[in-house]
Amino acid sequence: MWDYLVDRLPQILFAGWQHFSLVVQCLILATALSIVLAALVYRSGAWTSVANSVTAIGLTIPSFALIGLLIAPVGYGVTPAVIVVTFFATLPILRNAVVGLSSVPAATVESARGIGMSRMRTLLTVELPMAWPVILAGIRVSAQMVMGIAAVAAYALGPGLGGLIFSGLSRLGGANSLESVVVGVIGIIILALLLDLILVGIGRLTTPKGIRA
Amino acid sequence: MPENPTGPAAPQDRTPQTTGSSAGAATAPTGAQPTDTQPTGADMSSTGAPADAGSQGASILLREITKAYPGQKKPAVGGLTMEIPAGSTVMLVGPSGCGKTTTLKMINRLIEPTDGSIIMGDEDITTMDADKLRRRIGYVIQAGGLFPHMTVAANIGIVPKMLGWDKQRIADRVDELLDLVSLDPGTYRGRYPKELSGGQQQRIGVARALAADPPVLLMDEPFGAVDPITRQRLQDELISIQAELKKTIVCVTHDFDEAVKLGDWIAIFAEGGQLVQYDSPEQILKHPANDFVENFIGSGAGLKQLTLSRVADAEVREALTSPVDAGPAAALEALRTAQAAGTAPAGTEDSIVVLDSRQRPVHWFSARQLERLSAFPDRPDEDLPVVGERASLNDALDTMLVSSTSNAIVTGGRDRFLGVIGVETVMDAITSARSAGAEQAPPSPLGENTGPVEVTSP
Ligand SMILES: Nc1ncnc2c1ncn2[C@@H]1O[C@H](COP(=O)(O)OP(=O)(O)OP(=O)(O)O)[C@@H](O)[C@H]1O
Ligand SMILES: [Mg+2]
């Protein structure tokens with residue numbers, strides 16, 4: 001095991017970096033997407049329930065199935081991986097963003113409007129900052145979840161540690177096959193912990209002191 | 001409607017008269033004739049100045065405004081016409097659900113009227129950009145409506161920031177306003193709302209509303225969420241701020257006593273925004289328009305009259321004072337010297353009020369207490385029996401009863417020490433206020449429902 005690690009360290013590190021980078025970029029994309037979507041729906045009760053249903057149903061779709069379905073229209077490689085990871089990353093964030101935005105007290109929004117803030121300004125300077133801790137909690141859940149999903153995305157020859165797992169599994173019993181799987185899995189766990197740590201740090205830095213728990 | 005719509009920033013000849021739309025204003029509370037609105041036009045000309053021109057109050061005219069919510073048979077407010085004289089405080093009272101909040105929010109268009117128009121100063125504000133309008137109208141709601149994620153300074157500075165003031169000017173203004181609402185800028189400017197008491201939050205709410213010096217202040221049950229003692233202090237502060245700034249204030253309240261205390265005029269509404277009586281507190285207490293008003297005032301209208309006499313109208317006596325920097329020994333010496341010379345004021349001859357550098361009372365000690373002190377406590381005494389000079393005699397009596405003293409300290413603008421008032425003085429003043437009374441009543445502003453007011457559009 002140790003030899004395997006030392007021998008392949010550059011490849012492993014590269015795969016790990018690719019995995020991490022895929023997840024982080026998809027998370028950023030998903031966060032932006034979620035906030036825009038949430039901002040569009042949270043004022044309307046009907047649209048809010050639609051959004052909640054979609055996020056609930058979306059999470060029941062097996063990621064493996066979705067990636068299989070995507071290979072036909074978009075082919076192999078990075079594209080299906082990004083689509084699948086972003087899709088799943090969006091669901092928890094969207095849900096939390098809607099909850100966060102609609103739980104800003106009506107009186108606070110009213111006083112923002114009452115002193116002459118436009119809708120957009122109220123959203124950007126009052127509602128989003130107040131909803132941010134909840135949105136960030138969604139991002140953390142999302143990050144843990146899509147670390148694993150990004151591995152599955154390697155099925156479509158996407159980048160990352162998933163490649164180690166799939167190649168190991170496909171020739172199980174062969175030389176270094178088990179090592180390959182174990183390194184892939186452990187690598188993903190380490191990355192997940194690392195990312196969570198980073199997100200906690202970001203939370204500290206970006207949550208205004210007045211609403212910190 | 002104003003005959004003289006373009007009198008820009010003319011001399012503020014009328015606004016300082018806080019007790020009504022000056023001579024020649026609508027002479028009857030209701031059923032006013034078209035010509036009666038003319039004085040409003042005159043008021044307007046003096047107050048059309050933009051918000052940051054150090055404006056005092058602007059008059060407001062609601063012209064047959066109606067708000068009908070979809071799916072409701074009766075309108076929440078029906079055809080209300082109401083004149084709010086510049087620089088005066090108008091209290092909207094009435095039973096729950098009668099349309100007070102709806103009326104108030106139509107003024108800053110948080111609720112858009114279904115019908116009718118609103119004129120502020122000499123401008124029809126019914127169709128102007130709502131966000132721009134609201135930056136010229138202060139808005140205070142229960143518990144302040146502060147933004148929890150912003151510091152006190154950021155909360156107060158928000159409107160000036162939107163208006164594009166530079167940083168330094170905003171910072172100066174924030175400190176000035178904290179000072180105005182009796183909070184120490186150094187201590188409070190960097191705090192967050194959750195680090196403040198309810199009363200302090202409410203003060204910040206008022207400071208924020210005043211930040212860009214708007215001519216009009218709208219308040220919806222501003223003191224509903226604080227305890228009675230804090231409420232009384234906040235009311236006193238509002239009165240002294242208003243004496244200084246002369247804004248036009250429209251304030252909704254549940255509490256009729258609060259309306260009597262704060263209002264130059266009180267508008268009593270019934271269901272559907274029907275204006276039942278619109279007159280001075282004195283007139284409403286003496287001559288309630290009908291049973292509805294009488295019931296609303298409740299029992300003890302006679303007692304409530306006492307709410308009308310202010311501490312400033314009674315005799316405020318001098319008391320010995322000593323600066324806090326001088327320390328207890330110097331205070332004791334001053335007290336002893338005065339006693340020996342026989343110049344210690346009667347009633348408070350055995351005590352001395354300690355003032356801070358800005359003449360605000362921080363302690364009140366007897367000679368016995370001073371003897372035992374080596375230094376004054378750092379923190380001001382929170383439980384001092386203090387009343388504002390504009391507080392009612394009832395409040396003064398309350399304050400004395402709560403702290404079981406026979407004297408209370410009287411403060412003026414910005415909590416400056418003025419003197420003391422004794423319980424006998426209060427009783428005397430109450431007796432004489434009762435026997436006096438019947439001075440001539442000022443004419444009340446125009447107010448009615450659905451009656452056609454023929455006014456030429458501006
Ligand atoms: N957004 C709304 N949609 C429908 N009806 C409303 C709405 N807001 C208020 N109303 C109705 O309009 C009427 C007047 O409400 P308003 O809030 O002005 O009352 P209020 O006098 O301020 O009462 P309170 O003293 O309880 O605050 C009430 O009957 C209320 O049910
Ligand atoms: Mg209300």
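**Domain contact in chain B and a cross-chain glutamate**

Chain B of this predicted model divides into domain 1 (56-300) and domain 2 (313-433), with bounds from an automatic or database domain assignment. The C-alpha centres of domain 1 and domain 2 of chain B lie 33 Å apart. Their contact (heavy atoms within 4.5 Å) takes 11 residues from domain 1 of chain B and 16 residues from domain 2 of chain B. Between them the domains bury about 1,100 Å², 40% of it on carbon and sulfur atoms; buried area is the accessible area (1.4 Å probe) that two parts lose on being put together, summed over both. On the domain 1 side, Asp179(B), Gln232(B) and Arg233(B) lose the most area, together 38% of what that side buries.

The count between the two domains of chain B is 4 salt bridges (a side-chain nitrogen of Lys or Arg within 4 Å of a carboxyl oxygen of Asp or Glu). Glu244(B) and Arg414(B) meet through their side chains in a salt bridge of 3.0 Å, N to O.

Turning to chain A, Glu110(A) is partly exposed, with a relative accessible area of 22% (the class between buried, under 20%, and exposed, over 50%; 1.4 Å probe, protein chains only). Not counting residues up to four places away in sequence, Glu110(A) touches Lys105(B), Leu110(B), Tyr139(B) and Ile141(B).

Residues are numbered from 1 along each chain as its sequence is written, and chains are lettered from A and ligands numbered from 1 in the order in which they are written. Local features need pLDDT of at least 70 and side-chain atom pairs count only at pLDDT 80 or more, while totals for chains, interfaces and linings use all residues; side-chain values use heavy atoms, leaving out hydrogens and water.
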